[in-house]
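Got the model open in your viewer? Let's walk through it one selection at a time.

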Amino acid sequence: MDNEKTCPGHNETNLYASRRNFLRTSTALAALAVASPVIVKAGENDEKIAALFEKMPLQIEVNGMAHSLSVEPRVTLLDLLREQLHLSGTKKGCDHGQCGACTVHVNGKRINSCLSLAVMNEGKKVTTIEGLANGDKLHPMQEAFIKHDGFQCGYCTPGQIMSAVACINEGHASNEEEIKEFMSGNICRCGAYPNIVDAIMDVKKGGQSL
Amino acid sequence: MKNIDSYTHVRGESVYLDDIPVVNGTLYAAVFDSPVAHGKIKSLDIREAAAMHGVVKIFTAKDVPGDNQIGGIIPDEELLASTHVHFCGMPIALVVAETDEAARVALKKIKVVIESLPVITDPREAKEKGELIIPSRTFQIGDTINAWHQCEYVFEGRADTNGQEHLYIETQGAYSLPQENSAIRIYSSTQGPTAVQRTTARVLNIPMHQVEVDTTRLGGGFGGKEDQATTWGVMCALATYHLKKPVKYSLQRMEDMRMTGKRHPYSSDFKIGLNKDLKIVAYEATFYQNAGAAADLSPAVMERTLFHCTNSYFVPNVKATAYSCRTNLPPNTAFRGFGGPQGMFVIEAAIAKAADALGISASVIQQKNLLQTGDEFPYGQKAESEANECWDKAVELYDLEKLQKEISDFNHSNKQYKKGMALMPICFGISFTKTMMNQARALVHVYTDGSVGVSTGAVEMGQGVNTKMLQVATNIFSIDPAKVKINSTNTYRIANTSPSAASATADLNGKATEIACKEILKRLKKVAAEEFKTSEENIDLKDEWVYANGEKTMWEWKRLVFETYFRRISLSEHGHYTPPDIHYDLKKEKGHPFAYHVYGTVIITVTIDCLRGIYEFDSVKVVHDFGNSMNTIIDIGQCEGGIVQGIGWMTMEEIVYDKEGKLLSNALSTYKVPDIYSVPKEIDIHFLATQKDNLAIFRSKAVGEPPLLYGIGAYFALRNAVKAFNPSADIPYDAPMTPEKVLMSLYHPFKK
Ligand code: FES
Ligand code: FES
């Protein structure tokens with residue numbers, strides 16, 4: 001029986017791969033629009049095309065600070081924050097939009113930063129966990145997470161807190177049921193959920209404006 | 001006291017492996033792993049990948065300077081496959097590149113030709129074919145063969161539990177840095193820094209003192225980083241060794257799920273015999289543990305299955321045999337409970353089966369057989385039992401009778417929804433079952449300004465162990481917590497550590513810290529006694545002041561420390577602790593392996609939707625034996641987290657491999673872990689506070705693993721709810737009880 005298998009790497013379709021493909025397609029399209037036929041020909045080679053369009057300018061405000069950056073178009077907002085801006089408070093749990101650890105606010109709305117390309121945030125205002133406190137003074141949600149012990153290992157915590165702040169701002173924290181629904185995108189493997197709910201309820205009841 | 005990491009956690013300032021600032025010139029690693037579960041490597045072509053832009057070097061088995069071996073208990077697992085692959089996800093090559101992206105792009109250009117060999121995924125099949133990791137082991141007490149005659153009722157059956165993915169939110173990873181004179185520092189997200197150090201030394205053929213492993217904290221471990229964090233540390237070190245460059249590898253989620261082992265699935269047979277008073281007279285069990293392709297920690301996990309096979313019950317005649325079966329899955333490994341839960345599930349299934357047949361509630365049998373102090377476990381240790389105390393308290397406190405009535409009323413008046421309830425007593429032994437591992441050390445320095453630095457072998461992974469260590473030091477010195485700092489876990493400060501596991505970390509390292517602090521305290525008191533012309537017993541330290549003969553002196557803590565230093569007396573101590581009285585005779589399978597046991601009882605209630613099969617846990621009511629909890633906030637958190645994880649294992653977490661040994665549940669989208677909805681609507685935890693002496697640190701009993709066992713009750717509550725709808729349902733004892741399975745059993749046998 002000939003049972004041999006040739007395997008050039010894995011053929012799993014993970015998001016990383018598809019994100020790359022998307023970018024390849026989009027940069028290739030961009031190349032079509034602006035470049036000479038010679039370059040389009042080179043476009044058959046993904047890597048060369050990628051090299052051609054290696055960086056794009058990006059104006060972005062992060063935690064109140066304006067940045068003028070140049071980024072590769074395939075870089076996610078999460079990687080931009082962590083690798084380029086060295087804001088490692090935003091965590092990577094899955095890179096697939098499935099855990100919520102990477103939650104940040106963009107123009108006041110929460111998003112999974114692993115699902116957003118950095119360049120899509122041109123001109124926007126990003127707030128990360130590092131931008132929540134006012135110097136040494138903690139944000140009320142941070143206080144509440146401490147008060148209610150809303151964590152164990154702490155790895156999901158920045159995402160939980162960013163999500164929790166948005167949950168209240170969106171008006172989605174009027175009761176426990178609603179909080180559960182609107183916090184369901186944030187996974188905590190340590191199972192600190194009951195305390196997370198308590199923390200949010202507490203802040204909501206306190207009526208602090210966030 | 002609050003978790004000492006609270007402030008940095010909520011600010012995103014706590015540093016995990018992937019947050020360590022990288023130094024210039026850092027290279028990035030990625031592993032090329034086997035696409036098939038079993039086979040012979042015919043060829044491996046890395047040329048195209050190696051020539052790619054940004055790729056620095058690709059390492060294979062040939063590049064291992066020492067022993068290409070990472071097996072901790074048994075040397076049966078290669079770091080990089082040389083001739084054969086034994087599971088999908090087995091590392092074959094290590095790509096090192098200038099960027100993470102370049103490394104991953106290169107992976108796709110590696111070509112391997114593998115001649116497939118037969119794949120085994122089922123442990124019973126493995127046993128049939130003689131594929132065992134170690135010889136089987138049997139625990140025995142009394143004589144089951146003759147005991148069956150004394151039984152009024154005898155029942156037999158089979159019980160299965162699936163595995164469980166750890167899904168620590170921080171994936172595995174390591175970062176290694178070259179040091180002068182060829183030493184290597186490895187930052188590792190590991191529960192066992194010494195294991196990383198020892199294995200690195202072995203693989204690189206260098207002495208252990210050349211390898212420094214440092215661990216600040218983990219974003220969750222749950223056992224998944226006890227042994228299986230080693231691979232990544234060693235991989236990075238291998239590259240650093242050859243390239244003299246810093247090398248980092250932080251696994252992607254799907255790589256992590258694909259390449260690492262999980263909780264062991266078990267398939268088991270049971271036979272239980274009861275007399276007419278419903279006392280369990282005899283119990284036999286055969287466990288087929290799905291070990292995966294290599295030993296990893298499987299022999300130790302299997303051992304704990306046997307230790308806990310009778311859960312919280314006294315059974316005079318027991319024979320339990322376990323087989324650790326080699327299959328072509330990633331080597332399964334430690335996971336909170338460490339084989340104990342798998343063993344307990346089986347006896348609970350046996351009791352449920354008996355109860356069903358006799359038309360009574362399982363709780364009747366459970367209650368009648370709870371361990372009493374002095375009862376002997378099958379392995380010879382005598383119980384210091386709190387089983388009845390926990391059970392009785394739960395029944396009284398939560399008004400079991402009323403609960404039962406509410407449920408039967410509800411079930412009477414509802415068609416679409418049914419409720420089910422189960423009680424689950426637990427008993428869990430604390431200590432490493434391998435006696436040798438029950439040792440720990442702590443290094444305490446008091447600095448001349450009165451601040452204190454503590455280093456231990458404990459790894460912080462959310463269980464709050466560092467907070468407890470800090471409590472020990474502040475308590476003994478009677479100083480402000482702000483004066484004490486707990487340092488990262490580092491093999492250069494603390495050598496030969498046991499992994500942070502077996503729920504024993506706080507006890508072992510806490511006692512070592514206590515010993516070190518007390519030794520320094522003794523010296524301090526001696527200095528004060530001389531100064532105040534009294535004896536040491538008459539010196540007290542209270543809130544940073546020195547008291548002599550009960551009188552407050554002029555010396556505060558800082559002065560005392562400085563005066564001691566001035567007299568050239570050491571302000572440092574290295575404490576060493578081993579729990580007394582622990583021993584085990586492997587030949588006889590008898591001994592006293594545990595420092596103590598933790599007991600508890602849970603009452604779990606669930607409501608199922610009989611149209612859809614979905615369900616919701618109404619309440620989890622616990623009475624738990626904490627001893628004398630030294631940190632109730634942390635201990636409650638551990639309890640709640642353990643319960644949620646246990647319920648997850650029993651209900652929704654379903655690991656699926658195909659016949660070819662490929663993991664199908666390979667991401668968070670296909671593997672469901674408890675989300676915020678899965679938490680029971682009500683969790684009550686009552687502290688059974690006992691003043692009895694025990695070997696726990698400050699008499700505060702270990703709390704990491706035991707609460708997970710409560711989750712087993714969730715399975716039986718669901719089963720009872722299904723039975724309320726469909727009394728004739730023949731539900732196999734096969735966890736997890738997913739909504740799909742609930743739905744199928746609601747309408748089983750299916751009538752057209
Ligand atoms: S890392 Fe973005 S959702 Fe998990
Ligand atoms: S605190 Fe560990 S994952 Fe949430």
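Start with chain A: 48% of its 210 residues count as buried. Keep in mind throughout that this is a predicted model. Colour chain A by secondary structure and you should find eight helices and six strands, laid out from the N terminus as β-α-α-α-β-β-α-β-β-β-α-α-α-α. If you have a contact map handy, look at pairs at least 6 apart in sequence: 56% of those contacts in chain A join residues at least 24 apart.

Before leaving chain A, select Asp95(A), in the loop between helix 4 (77-84) and strand 4 (103-106) of chain A. Its phi is near 65°, a positive value in a residue other than glycine. Is Asp95(A) buried or exposed? Asp95(A) has 23 other C-beta atoms within 10 Å, so it is buried.

**Across to chain B**

Now show both chains and pick out the interface. Here 50 residues of chain A are in contact with 56 residues of chain B. On the chain B side, the elements that give two or more residues are helix 1 (6-11), strand 6 (111-116), helix 8 (253-259) and helix 17 (632-651). Colour that side by residue class and you get 26 nonpolar, 15 polar and 15 charged.

**The nonpolar core**

Hide chain A and go for the largest nonpolar core, which has 302 residues. Which of its members touch the most others? Select Ala29(B), Leu94(B), Val95(B), Cys236(B), Leu238(B), Ile604(B) and Leu718(B). Centre on Leu94(B): leaving out residues up to four places away in sequence, Leu94(B) touches Ala29(B), Val31(B), Ile58(B), Phe59(B), Leu80(B), Met235(B), Leu238(B) and Ala239(B).

Move along the chain to helix 3 (residues 100-107) of chain B, where Ala102(B), Ala103(B), Val105(B), Ala106(B) and Leu107(B) are buried. The cover over these residues includes strand 1 (27-33), helix 2 (47-50), strand 3 (55-59) and strand 5 (91-97) of chain B.

Next, centre on Met421(B), in strand 16 of chain B. Met421(B) counts as buried because it has 24 C-beta neighbours inside 10 Å. Draw a distance from its C-alpha to that of Leu718(B): the two residues are 297 apart along the chain, yet these atoms are separated by 7.4 Å. Beyond its neighbours within four places in sequence, Met421(B) is in contact with Leu403(B), Gln404(B), Ile407(B), Ile603(B), Ile604(B), Thr605(B), Ala717(B) and Asn720(B).

**An enclosed helix**

Select helix 9 (residues 298-307) of chain B. Ten of its ten residues are buried, so this helix is largely enclosed by the rest of the structure. The list of buried residues includes Glu303(B) and Arg304(B). What do the buried residues of helix 9 pack against? Turn on strand 7 (137-141), strand 14 (280-292), strand 15 (317-326), helix 10 (340-358) and strand 16 (417-430) of chain B.

Keep helix 9 and helix 10 of chain B on screen. Their axes come within 7 Å and cross at roughly 35°, and the crossing is right-handed. Arg304(B), Thr305(B) and Leu306(B) of helix 9 meet Gly340(B), Gln342(B) and Gly343(B) of helix 10. By class, that contact has one nonpolar, four polar and one charged residues.

**Another helix pair**

Jump to helix 14 (residues 465-477) and helix 15 (residues 505-531) of chain B, whose axes come within 9 Å and cross at roughly 25°. These two helices of chain B are therefore roughly parallel to each other, and their crossing is right-handed. To see what meets what, select Val465(B), Lys468(B), Met469(B), Val472(B), Ala473(B), Ile476(B) and Phe477(B) on helix 14, then Thr505(B), Ala506(B), Asn509(B), Gly510(B), Thr513(B), Glu514(B), Cys517(B), Lys518(B) and Leu521(B) on helix 15. This contact has nine nonpolar, four polar and three charged residues.

**Backbone stops to finish**

Asp399(B) sits in the loop between helix 12 (387-397) and helix 13 (400-413) of chain B. Asp399(B) has a positive phi of about 50° although it is not a glycine. With 14 other C-beta atoms within 10 Å, Asp399(B) is partly exposed.

Then check two peptide bonds. The one from Ala735(B) to Pro736(B) is cis, with omega near 5°; Pro736(B) lies in the loop between strand 30 (733-735) and helix 19 (739-746) of chain B. A cis bond also joins His748(B) and Pro749(B), with omega about -5°, and Pro749(B) lies in the segment after helix 19 of chain B.

Terms used: Residues are numbered from 1 along each chain as its sequence is written. Chains are lettered from A and ligands numbered from 1 in the order in which they are written. This is a predicted model: local features need pLDDT of at least 70, side-chain atom pairs count only at pLDDT 80 or more; totals for chains, interfaces and linings use all residues. A nonpolar core is a set of buried Ala, Val, Leu, Ile, Met, Phe, Trp, Tyr and Cys residues joined through C-beta atoms within 7 Å. A residue is buried if 20 or more other C-beta atoms lie within 10 Å of its own, exposed if 12 or fewer, and partly exposed in between; C-beta atoms are placed from the backbone. Two residues are in contact if their C-beta atoms, placed from the backbone, lie within 7 Å. Helices (H or I, at least four residues) and strands (E, at least two) are DSSP runs, numbered from the N terminus. Ala, Val, Leu, Ile, Met, Phe, Trp, Tyr, Cys and Pro count as nonpolar, Asp, Glu, Lys and Arg as charged, and the others, Gly among them, as polar. Axes are lines fitted to C-alpha atoms, for helices over the stretch in contact, and angles run from 0 to 180 degrees between N-to-C directions. Angles under 35 degrees count as roughly parallel, over 145 as roughly antiparallel, 65 to 115 as roughly perpendicular and the rest as oblique. A crossing is left-handed if the near helix is turned anticlockwise from the far one by less than a right angle, and right-handed if clockwise.
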